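Dear colleague,

I am passing on the structure we spoke about, and below it I have set out what was found in it. Please have the sequence and the model open side by side as you read.

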Amino acid sequence: MTPLDGGAGIPADDDEYARGEDADHRNADGPDADHQDRDGRDADHRDADGPDARASVADGLRFAFGTLTVLPVRVTRWDRPAARAGMLCAPAAGVVVGLSAAALGGLLLLAGAAPPLAAVATVAVPAVLTRGLHLDGLADTADGLGSGRPAGEALRIMKRSDIGPFGVITLLLTLLAQISAVSELYGESWARGAVAVALAGVTARLALTLACRTDVPPARPEGLGAAVAGTVTVRAAAVTALLVTAVCVAAGGLFGVSGAVSHGLAVLAALGAAWLLLRHCVRRFGGVTGDVFGALAETAATAALVVLTLG
């Protein structure tokens, strides 16, 4: 079970205080004043969490880095608007994770390490910077899907602390695929490997943005999965996807027209693979969880790296 499903620590409204304040209004001004006060309070609540509420880019970046990385970022807002902004900023966290991984790989290559060893270190960096949460979510999701049990039982299996055979096999194959792909790309040049690793990190988080669309429900009522599920409008998700894809194509353009095309195709293939997994998980579990988000990120990253080795 990943800590993403253990509860997001979202502060609740102080209902007792609200009820006491309403009582003071009733005693002072009568039922009409009480009605007006509650109407105003409801309007304030809608403004804070409704579809038209806003959170700043800074709030979004803090939420994205605070929940998707181990970097010492203090999350100051846990409400739905902040979650929406955070999921739209998720690709930015992927840039930092990807470039950090590529930097370590580059240092090892400069020190004379062979591409396979540099690839192992590169793949280890995202695991460290996320506390292994995405890999843990991948394993738990594999166990839940592989169990063949009804949704409720499968979700309980995913919350267990141990990893079953499906999870172990999926983890091994995924890590082997990532290491092999990065090693091959480093064998061509560090620059190609670095851009590919950065692209994989960005695309993995973009898959999370798309999975937070308003038409994707949460499978559980609690946890970070429920906190961010359904926060991003379809239009905002589409715009973010177009912008991120354009940036990835431009990065691939460093290696010519064929590089731009291959990097664009890698993003599309990665998002397609994540979408297939998302659709299957929603059908099997009734929605998304923190574990499913982790599985989507690892699936997208792996697919992107593999496709880039084919170009």
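A cavity, as the word is used here, is a set of grid points where a 1.4 Å probe fits but cannot get out, and its volume is the space filled by probe spheres set on those points. Please keep in mind throughout that this is a predicted model.

The cavities come first. The structure holds three of them of 30 Å³ or more, and the largest contains about 250 Å³ of space. Its lining is made up of 22 residues, and those lying nearest its centre are Pro-126, Gln-178, Arg-205, Glu-298 and Ala-301. Two or more lining residues are given by each of helix H4 (90–110), helix H5 (115–129), H6, helix H8 (165–188), H9 and helix H13 (290–310), with H9 supplying the largest share, five residues. Sorted by class, the lining of this largest cavity has 14 nonpolar, six polar and two charged residues.

Helix H9 deserves a closer look. Helix H9 (residues 190–211) has 22 residues and reaches 32 Å from its first C-alpha to its last, which is close to the 32 Å expected at 1.5 Å a residue. It is mostly covered, since 19 of its 22 residues are buried.

The largest nonpolar core has 71 residues, and those with the most contacts inside it are Phe-63, Val-228, Phe-285, Phe-293 and Leu-296. Helix H9 provides the largest share of this core, at twelve residues. In soluble globular proteins, nonpolar side chains tend to be buried together. Taking Phe-63 from that core, and not counting residues up to four places away in sequence, one finds that it touches Val-75, Arg-77, Trp-78, Ala-82, Ala-83, Gly-86, Met-87, Leu-224 and Val-228.

Two further residues may be worth finding in the viewer. His-134 lies in helix H6 (residues 133–147), and it counts as buried because its relative accessible area is 5%, where the cut-off is under 20%. Leaving aside neighbours within four places in sequence, His-134 is in contact with Leu-68, Arg-205, Leu-208, Gly-294, Ala-295, Ala-297 and Glu-298; Arg-205 and Glu-298 are also among the residues nearest the centre of the largest cavity.

Arg-131, in the loop between H5 and H6, is by contrast exposed, with a relative accessible area of 63%. Its phi is positive, at about 55 degrees, although Arg-131 is not a glycine. Most residues other than glycine have a negative phi.

With best wishes

Conventions. Residues are numbered from 1 along each chain as its sequence is written. This is a predicted model: local features need pLDDT of at least 70, side-chain atom pairs count only at pLDDT 80 or more; totals for chains, interfaces and linings use all residues. Side-chain values use heavy atoms; hydrogens and water are left out. Helices (H or I, at least four residues) and strands (E, at least two) are DSSP runs, numbered from the N terminus. Buried means under 20% relative accessible area, exposed over 50%, partly exposed in between (1.4 Å probe, protein chains only). Contact means heavy atoms within 4.5 Å. A nonpolar core is a set of buried Ala, Val, Leu, Ile, Met, Phe, Trp, Tyr and Cys residues joined through side-chain atoms within 4.5 Å. On a 1 Å grid over the protein atoms alone, a cavity is a set of points where a 1.4 Å probe fits but cannot get out, and a pocket is an open set with protein on both sides within 12 Å along at least five of seven lines; lining residues have an atom within 4 Å of a point. Ala, Val, Leu, Ile, Met, Phe, Trp, Tyr, Cys and Pro count as nonpolar, Asp, Glu, Lys and Arg as charged, and the others, Gly among them, as polar. The expected span of a helix is 1.5 Å times one less than its number of residues.
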